[in-house]
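Colleague: I would like to understand how the labels we give to parts of a model are justified. Could you take me through some of them, one step at a time?

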Amino acid sequence: MRLSGKVALVTGSARGIGKAIVERFAAEGSAVVISDVANEAAARETLAAVEAAGGKGMVEMFDVSDAARVDAAVKNILAAQGRIDILVNNAGITRDGLLMRLAEEDFDAVLKVNLKGTFLLTKAVSRHMIKQRSGRIINMSSVVGMMGNAGQSNYSAAKAGIVGFTKSTARELASRGVTVNAIAPGFIKTAMTDGLPEAVQKSFLEQIPLGRFAMPEEVAELALFLASEGAGYVTGQVIGINGGLYM
Ligand code: NAI
């Protein structure tokens, strides 16, 4: 039980990687706050499964890019759980398109959810973690934030932005016992990647030395390490989990 007594808030956790992280953290004894902007029924199903296995937590639905809703949600969570030890900024969207056809609103929407959402949550939760003098913040970047990807200039800019944000906040919060790290996944099998054209999936597969895509549970395992006591001396890092796609 590597997270017993902890409370973890994972954004965008109704499905995909976020859901796998919630399940993994709950299995290690953490209370889990399942939060998303959509799919409340799925979030409640996950909570029911956690509770059936003897775990605990709550569902808190909100949009990570809405500052007022973020502040209200963090207050609700603190009132219900008493503390937040782990924040995983996982909520993300894509709006792909080649530069010449990329609409301004698709650029803004992707920056708003992925990057601004990470800023809003980090600000609201770290205020509490600073008082607590401990905390773990894990931000979801992406391999494309480092290597780029045609058709994803908005998304890769947001994910590269998360790297800079992670390093700056790691420096600001280190003296208060709060670590901040980023995970940069490669190609993980979720609804987000299932939506990519088959030709794109095939071309990625050919470039991956390990010769396969990863499952969300493998990302959850890395998040568990970063959230655990054992990662106390790791901060400001970007950890790739990409099958060797980018080294
Ligand atoms: P997903 O699309 O399956 O899940 C993302 C979740 O975020 C959804 O449940 C969605 O409703 C939620 N969400 C979207 N906008 C939101 C908002 N404004 N407020 C709150 N929740 C919101 O995606 P997946 O694949 O699980 O990705 C999770 C994270 O990992 C994302 O940040 C993604 O960019 C990142 N990532 C995923 C990779 C992959 O191959 N699947 C690769 C690299 C990074």
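Colleague: What makes the meeting of the Glu23 and Lys19 side chains a salt bridge?

Modeller: In this predicted model, the N to O distance between the side chains of Glu23 and Lys19 is 3.7 Å, and because a salt bridge asks for a Lys or Arg side-chain nitrogen within 4 Å of a carboxyl oxygen of Asp or Glu, the pair qualifies. Both residues lie in helix 1, 4 residues apart, which is about one turn of the helix.

Colleague: Why is Glu23 called partly exposed?

Modeller: Its relative accessibility is 35%, and since buried means under 20% and exposed over 50%, Glu23 falls in between and therefore counts as partly exposed. The same reasoning serves for Lys19, which at 30% is partly exposed.

Colleague: How do you know that Glu221 and Arg24 form a salt bridge, and which parts of the chain does the pair link?

Modeller: Their side chains meet at 2.8 Å, N to O, which is again within the 4 Å limit. This pair links distant parts of the chain, with Glu221 in helix 9 and Arg24 in helix 1, 197 residues apart. Glu221, at 36%, is partly exposed, and so is Arg24, at 23%. Arg24 and Glu221 also belong, together with Glu28, to a network of salt bridges.

Colleague: What makes you say that the buried residues of helix 3 line one face?

Modeller: The buried residues of helix 3 are Val70, Ala73, Val74 and Ile77. Seen down the helix axis, they fall within an arc of 100°, so they line one face of helix 3. As a general point, an α-helix has 3.6 residues a turn, so residues three or four places apart point the same way. On the other side of helix 3, Ala68, Lys75 and Ala79 are exposed, while the buried residues pack against strand 1, strand 2, strand 3 and helix 4.

Colleague: How do you know that the span of helix 3 is close to the one expected?

Modeller: Helix 3 has 15 residues, and its first and last C-alpha atoms are 21 Å apart, which is close to the 21 Å expected at 1.5 Å a residue.

Colleague: Which residues have the most contacts inside the largest nonpolar core?

Modeller: They are Ile21, Phe25, Val88 and Ile183, in a core of 34 residues, and helix 9 supplies the largest share of this core, 7 residues.

Technical notes: Residues are numbered from 1 along each chain as its sequence is written. This is a predicted model: local features need pLDDT of at least 70, side-chain atom pairs count only at pLDDT 80 or more; totals for chains, interfaces and linings use all residues. Side-chain values use heavy atoms; hydrogens and water are left out. Helices (H or I, at least four residues) and strands (E, at least two) are DSSP runs, numbered from the N terminus. The expected span of a helix is 1.5 Å times one less than its number of residues. Buried means under 20% relative accessible area, exposed over 50%, partly exposed in between (1.4 Å probe, protein chains only). The arc is that of the directions from the helix axis to the C-beta atoms. Contact means heavy atoms within 4.5 Å. A nonpolar core is a set of buried Ala, Val, Leu, Ile, Met, Phe, Trp, Tyr and Cys residues joined through side-chain atoms within 4.5 Å.
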